[in-house]
Every structure is written in structure tokens, then in C-alpha cells.
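Trainee: I am new to this structure and would like a close look at a single part of it, beginning with a hairpin and then moving outward to whatever else helps me find my way. Could you take me through it slowly?

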Amino acid sequence: MEKSLCMLPAVLFLGLLTHSAAALINTPAPTKSYALINYTTTTRPTLNWTEAVKGESRDGTTPATAEPDIFTTTVRDKQLDTTDTSKERNKKEKDPRDRKTEDDKSKLDCPPLGLESLRVDDSQIQASSYQRSGLGPHRGRLNIQSGIEDGDLYDGAWCAEYKDRHQWLEVDALHLTLFTGVILQGRNSIWSWDWVETYKVQLSNDSVTWHTSMNGTQEALFEGNQNPETPVLGLLPVPIVARFIRINPQTWYSNGTVCLRAEILGCRVHDPSDIYSAHESGSKDALDFRHHNYKEMRKLMKSVTEECPDITRVYTIGRSYMGLKLYVMEISDNPGKHEIGEPEFRYVAGMHGNEALGRELVLNLMQYMCKEYKKGNQRIVRLVTETRIHLLPSMNPDGYEEAYVKGSELSGWAEGRYSFEGIDLNHNFPDLNNIMWDTEEKAADKSKVPNHYIPIPEYYTKEDATVAPETRAVISWMQDIPFVLSANLHGGELVVTYPFDCTRDWAPQEDTPTADNAFFRWLASVYASTNLVMANPDRRICHYEEFQSHNNIINGGAWHTVPGSMNDFSYLHTNCFEVTVELSCDKFPHVSELPIEWENNKESLLVYMEQVHRGIKGVVRDKLTKKGIADAIIKVEDHDHDIRSATDGDYWRLLNPGEYKVIVWAVGYFPSMRRCNVGMEPNPTICDFILTKTPIQRLKEIRAKGGKIPQDLQLRLRALRLRKLRASTKAINRRREGQRMRRARSSQAWKA
């Protein structure tokens with residue numbers, strides 16, 4: 001019933017506009033015609049995007065009275081769509097007053113056709129001319145990025161060969177579509193500045209006869225760009241039903257040429273006579289598919305804990321620069337407590353605030369696991385009972401809020417990427433790679449150089465260090481919980497990267513493997529091979545880099561060097577293995593894309609979590625007391641990367657199938673060795689160790705000779721630096737809180 005009510009305004013709109021459309025294009029209105037461009041049918045077409053549509057222009061006037069010379073609908077601070085496509089939410093009865101408010105809205109937001117998300121195929125885009133293949137019509141996609149070199153096959157726009165007003169970029173929607181607007185960008189290039197300043201829009205049903213969008217009695221002239229990167233929205237004075245649409249540039253940057261990137265907004269019109277019409281695929285899972293700002297994210301997380309109180313807990317690990325809390329959802333059969341032998345897993349999303357898909361996937365995941373656990377889904381039950389899962393949906397909430405205000409299509413490529421202070425959080429962790437490599441070069445015996453638990457450098461712990469509060473919070477979180485496996489969810493590409501991210505000698509690109517390269521490649525492959533888009537051999541590349549030949553995985557350093565990345569820090573400072581997942585070509589997909597993206601990533605998210613149970617695990621205990629020994633070193637022969645036991649003496653060592661010689665030792669104990677066999681199944685091999693204390697006299701002899709135990713010294717230094725980092729963080733927080741209170745008092749005094 002609700003769906004039928006939503007369709008009614010659309011049908012009324014099409015009927016009311018029949019007469020206006022006929023006058024607009026100087027053709028008689030056909031009998032029972034509900035489209036605006038030469039379309040006749042005996043059955044009323046309906047829209048598949050449930051938004052109220054009114055037969056008026058966007059400024060509230062009828063087409064006959066609107067007469068601006070340039071139709072300026074530049075929108076830079078407006079969110080295109082906040083439509084809730086959740087099946088759960090659709091089932092809820094809405095307050096009649098809320099429904100009336102929605103019906104009274106004059107905006108006619110329709111979803112993007114999918115130039116940016118690649119739903120629109122290259123074959124659907126044509127142009128009047130183009131300078132060369134690398135600037136062909138297929139490159140005229142919103143936010144597409146160019147390669148470093150101009151002149152290759154992957155430039156950052158469509159550029160016409162001629163500089164005149166007869167050039168156009170054409171998109172075939174394949175089906176009848178209610179076109180409502182165009183979003184335009186200039187050319188992405190570090191060498192050239194090109195953009196379109198004004199343009200017209202033309203529409204057709206057969207790509208032969210074209211009609212220009214009218215603003216009253218005049219052809220509508222839309223305002224374009226003033227720089228290459230800021231997206232500008234042009235809304236049609238009257239939405240028009242057609243199949244083809246053209247962007248016809250009229251003026252362009254005086255020192256440039258005719259170049260543009262674009263997205264088209266349009267609602268699919270259902271045509272019963274179209275035998276090729278296919279229903280859009282979505283998701284059968286009843287999840288809250290929409291973009292959640294900070295307030296809505298909190299509400300959703302709260303609702304999940306209320307629905308599944310026995311297996312969920314929400315906690316915070318700190319605050320952003322603007323004071324927004326960094327919320328984490330814990331999912332476990334015993335939330336709030338580390339259980340001996342149970343590995344700790346985490347997903348981190350939203351490190352770059354404008355890369356919004358990871359945030360929504362993590363929110364979807366917590367809903368899905370709650371619902372499936374209640375249904376008795378054995379796979380989910382096993383994950384919940386055998387793993388302690390931590391989900392951080394937004395590491396950079398300040399950046400996200402900035403991007404959210406402008407919305408999915410208008411935030412551009414970088415709006416909200418950085419923290420409020422302008423810090424790229426993925427370059428903000430201590431660079432332990434070069435500390436380790438420099439020490440190895442200077443050491444006479446490289447085997448004596450620590451290969452794990454490398455302390456934070458002294459400079460990083462000071463109050464004036466350029467360390468974001470979000471980064472400080474995550475580092476402290478890593479110290480408190482013995483994480484075993486993690487993934488850092490990003491967007492803008494389709495690839496999974498693994499450490500090291502930082503290259504040696506500051507090379508811009510160089511394969512820089514870790515001691516666990518084989519297992520990292522396995523982890524990356526697990527996600528990439530189960531992702532429905534990455535696994536598609538026929539998919540188009542996102543921008544200019546082709547990852548299919550690498551099976552959609554790549555060493556981080558081989559892609560581009562990232563000193564101070566969270567992945568590298570996690571590996572060198574803690575026991576945790578972490579990869580980066582680039583989830584989608586589109587950093588901030590439209591809300592209509594979210595159900596599809598969930599289906600693309602659902603299996604990948606689940607199977608990746610299950611990898612935390614590969615390798616070996618066990619407990620290191622004291623022979624006499626039977627108590628667990630903390631900070632015991634677990635060394636696997638031929639793997640130049642050690643790990644340490646947690647507070648209770650339990651440990652987890654991720655390994656590929658095979659037989660391994662494992663040696664364990666701790667300060668004050670004799671080392672112990674045993675062979676552990678890892679099978680093919682994703683179930684860990686139990687390898688417990690019992691350590692015997694060394695004689696006290698032996699320790700006295702070591703001290704008498706002035707000898708030092710490197711591991712003990714390293715551990716003390718690591719703990720000392722962490723205490724300093726936390727102390728400086730508290731001091732900074734107190735200072736900022738004082739500043740906020742003073743600003744609040746002065747604001748109140750001013751109002752009084």
C-alpha cells in the first residue's frame with residue numbers, strides 16, 4: 001500500500017506535464033501519453049524510485065513563468081538524497097504529519113544512473129568528438145582519477161577535439177528514465193586546467209531527434225564549474241522522461257578546452273511494453289540501508305544492543321578533535337571480557353571520512369550478525385561464540401560529518417578525507433618501519449634486532465607532536481586488547497593491499513614484503529576472491545590502475561608508499577595482522593547502491609573474520625604455578641617476526657598450512673620447543689607450552705657480568721612510551737575541554 005501511494009504522485013506528475021511538454025517541444029500531446037519526449041503507450045509508466053514528484057519547476061514556479069537567462073542551480077552544500085530504503089523501516093507505520101511533510105517537499109531527487117559507480121557501461125556513453133582515446137567519452141565519469149602522466153590511456157575527463165558549442169557527451173540510460181539533473185566536474189589532471197562553465201541539456205528517445213531542456217520559453221542554460229574538482233549540480237527546471245540525454249557545453253575556462261566529468265540523475269520509469277526491463281537487484285536482508293550521520297549511527301548501534309543484549313556491547317575508545325566519540329560495537333558470547341584462547345578481531349572503517357561505504361558495511365554487519373544469531377544461523381553462532389569481534393564504524397567522525405553534509409555525489413574526491421585538523425590518519429601512526437630498517441643496517445648481528453613490539457619513538461609521545469586525537473585513541477585501543485587480525489576498510493578503488501605499506505629508502509613504489517608475506521597474500525586473496533565485484537573478470541578498472549592481473553591484491557609498497565600507516569604499525573608494534581580493503585570505485589555511493597554493495601561484500605566480510613582461526617594457538621604457563629606467563633616470546637623458525645603472549649599467557653600465531661618448529665621463551669625461564677602442524681581447515685592447532693624458571697643464581701650471574709636482557713628492556717621502553725603518550729593525550733584533552741568551556745561561556749554571555 002505504501003509503495004502504491006508513493007507511485008501515485010509520480011503518475012499524477014507525468015499526466016499533468018503532458019500538455020506542458022507538448023508545448024515545450026512544439027508537438028501535439030498524444031492521447032494517454034505520460035512521457036515528455038514522443039512516447040506513447042496505453043499503459044501508464046510508473047517510477048521505481050519512491051519519491052513524490054510534482055509538476056512544477058524547482059523554484060516553485062510553473063515552467064511558463066520561469067525566465068532566467070542562466071538557469072543557476074548550483075548546489076554545493078545540499079545532500080542529494082536521504083531516502084531510507086530499509087525494508088525494516090518501510091514496514092513501520094509513519095506519522096501522517098511526517099508523511100505530509102515529505103509530500104510537501106519540492107525537491108525531486110533521483111538516484112545517479114551510475115557513471116561513477118560503473119553501473120553505466122562504457123558502451124552507453126558516446127561523444128561528438130574526443131581528442132584521443134585517453135580522453136574518450138568513457139572517461140567522462142564523475143570523480144574519475146587520471147594517471148600521473150597526461151597523454152596515456154587513462155586521463156581524467158572526456159575532452160572534445162573541437163572548441164565549439166556543437167560538442168556533446170551522450171548517455172544512453174537503456175530504459176525510459178525521468179531525468180532530473182546533471183552533476184558536472186572539470187578535468188582531473190596535475191598538468192592541465194579544463195572545465196565547462198555553462199552548458200545545455202538535450203533529451204531524446206531515439207538519439208536522432210533531440211529536444212533541449214526548457215526553462216519557461218527559453219532554452220535552459222546551466223551553470224557549470226569554476227574549478228576542476230568541485231562537483232556542481234544542475235537541476236532540470238522540469239524533469240523530463242526520455243531514454244537518451246546529452247550535455248552540450250556552451251562556454252568553458254578561457255585558458256582551457258571542452259573537458260568534463262559527469263553524473264546523471266534519473267528515476268527509472270517502468271514500461272510494461274519493454275520486454276528487456278529487469279528489476280534492480282538488491283538485498284534480501286532486512287537491514288537499515290542508508291547513510292547514517294553521527295546521531296543516526298549512535299541510534300542504530302543502540303538498537304542493535306537492545307535487540308541482542310546478550311552478545312553485544314557498545315563502548316568508546318576516545319574522542320575526535322571536535323569531541324565526537326569513537327564508538328565500537330563488541331560482538332561476543334561474553335561481551336566485555338577477554339576469554340582465554342578466544343582470538344580478538346577488529347574491523348576499522350572511516351579512517352578517511354569521505355570513504356563512507358566501509359562505515360555502512362560495518363553497521364550492516366553488526367545488524368546482520370545480531371539477526372542471524374537470533375535465527376540460529378550456525379555460521380554466525382560459531383563466529384560469535386569462538387571470536388571476540390570489535391567493529392569501529394567511524395575512526396574519523398569529524399571528516400564524515402563534513403562529507404555527509406554535501407552528500408554522496410557532491411562531496412567530491414577529497415571533501416572530508418582528512419581529520420578536522422587536516423591530518424591524513426593513515427599517515428599519522430609512528431613510522432616503525434624505518435626505525436627497524438635503520439637499526440638492522442647499523443647492527444653487527446641482525447638477528448639481535450627486535451622484529452616485533454617495536455616501541456613508539458620518543459618524539460611521538462610529546463604534547464606538541466602532530467598526532468591526531470583519533471590516532472592516539474586507536475593506538476591506546478591496540479595496546480589494551482590483544483588483537484590477532486584486522487582489516488582497514490577504505491574506498492575509491494577495488495583492491496586489497498597488504499604490508500608493508502612503507503617502502504625502503506623512500507622509493508615511491510617498491511614491493512616491500514614482510515616476513516609473513518605468504519600469509520598476508522592469503523588474507524588478501526580470501527577477501528578479494530569472495531568479493532562479487534573484484535572476482536568478476538569482466539569488470540572495468542576504476543580509474544587508471546589494472547589490478548585484475550594481480551588477482552586484485554597488491555603489496556602496499558608496490559602500489560604506493562605510505563609511511564606511518566596503521567597496517568604497518570599494527571604489525572610491528574602489536575601481534576595483529578592487518579590488511580587494507582579498497583571496497584568500491586565510488587568512495588561515497590548513493591543510498592540506492594548500498595543494498596547491492598552489501599551483497600558484494602557480505603561473504604567477504606564473514607570469511608575474512610573466519611581467518612582469525614588459522615594457524616596455531618595455545619597458552620604459555622609456568623610449570624610450578626600453572627599460571628599463564630604474559631609477554632612470552634613465540635618464535636616460528638624461518639619466520640623473522642615474533643609475537644608475544646597476552647596477559648593470561650594465551651597466544652595466537654597466524655600461519656599457512658604446514659609443519660613448524662616453534663620456540664617459546666620468557667624472561668627468567670628456560671626456552672621450550674615443539675613442532676606444531678597446521679592443517680588446511682580454518683581451525684587452529686593447539687600448541688601449549690610449559691616453561692621452567694631458570695635458577696636464581698643464573699640470573700645473578702647475568703647481572704653481575706653487566707649483561708642485559710634485550711626483550712625485557714624493549715618491553716619496559718615500550719610501556720614507558722605508551723604511558724608518556726597517554727599522559728600527553730590527557731593533557732591535550734584537558735586543554736581542549738577548557739577551551740570549549742570558555743567558548744561556551746563567552747557565547748552564553750554574548751547572547752545574554
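**The hairpin and its surroundings**

Mentor: In this predicted model, strands β12 and β13 form a hairpin with 5 residues between them, and in the turn Gly 323 has a positive phi of about 90°. Strand β12 covers residues 312-319 and strand β13 covers residues 325-331, and the two run antiparallel, joined by 6 bridges. To follow the pairing on the structure, take Thr 316, whose bridge partner in β13 is Tyr 327.

From the glycine in that turn we can pass to residues that have a positive phi without being glycine. Ser 207 is such a residue, with phi near 65°, and its place is the loop between β5 (196-204) and β6 (211-212). Ser 207 counts as partly exposed because its relative accessibility is 29%, and the range for that class lies between 20% and 50%. Asp 638 likewise has a positive phi, here about 70°, although it is not a glycine, and it sits in the loop between β21 (633-636) and β22 (643-644). With a relative accessible area of 73%, Asp 638 is exposed, since that class begins over 50%.

The loop that holds Asp 638 lies between β21 and β22, and these two strands also belong to an open sheet of 4 strands, in the order β22-β21-β24-β25 with antiparallel pairing. At the edges of this sheet are β22 and β25 (672-678), each of which pairs on one side only. Strand β24, residues 658-665, runs antiparallel to β25, and 7 bridges join them; within this pairing, Val 662 has Arg 674 of β25 as its bridge partner.

A further backbone detail is found at Pro 499 and Phe 500, which are joined by a cis peptide bond with omega about 0°. Phe 500 itself belongs to the loop between β17 (495-498) and α10 (517-530).

Turning from strands to helices, consider α5 (residues 357-375) and α13 (residues 594-610), whose axes come within 10 Å and cross at roughly 70°. The two helices are therefore roughly perpendicular to each other, as angles from 65 to 115 degrees are classed that way. On the α5 side, the residues that make the contact are Leu 357, Glu 360, Leu 361, Asn 364, Leu 365, Tyr 368 and Met 369, while α13 contributes Leu 594, Glu 597, Trp 598, Asn 601, Lys 602, Leu 605, Leu 606 and Met 609. Sorted by class, the contact of α5 with α13 has 10 nonpolar, 2 polar and 3 charged residues. The crossing of α5 past α13 is right-handed.

Another helix pair is α9 (residues 469-480) with α12 (residues 566-573), which pack at an angle of about 30° with their axes 11 Å apart. That angle makes α9 roughly parallel to α12, because angles under 35 degrees fall into that class. Val 474, Ile 475, Met 478 and Gln 479 of α9 meet Met 566, Phe 569, Ser 570 and His 573 of α12 in the contact. The residues of this contact of α9 with α12 divide into 5 nonpolar, 3 polar and no charged. Here too the crossing is described by its hand, and α9 passes α12 in a right-handed crossing.

Terms used. Residues are numbered from 1 along each chain as its sequence is written. This is a predicted model: local features need pLDDT of at least 70, side-chain atom pairs count only at pLDDT 80 or more; totals for chains, interfaces and linings use all residues. Side-chain values use heavy atoms; hydrogens and water are left out. Buried means under 20% relative accessible area, exposed over 50%, partly exposed in between (1.4 Å probe, protein chains only). Two strands pair if DSSP finds at least two bridges between them. Axes are lines fitted to C-alpha atoms, for helices over the stretch in contact, and angles run from 0 to 180 degrees between N-to-C directions. Angles under 35 degrees count as roughly parallel, over 145 as roughly antiparallel, 65 to 115 as roughly perpendicular and the rest as oblique. A crossing is left-handed if the near helix is turned anticlockwise from the far one by less than a right angle, and right-handed if clockwise. Contact means heavy atoms within 4.5 Å. Ala, Val, Leu, Ile, Met, Phe, Trp, Tyr, Cys and Pro count as nonpolar, Asp, Glu, Lys and Arg as charged, and the others, Gly among them, as polar.
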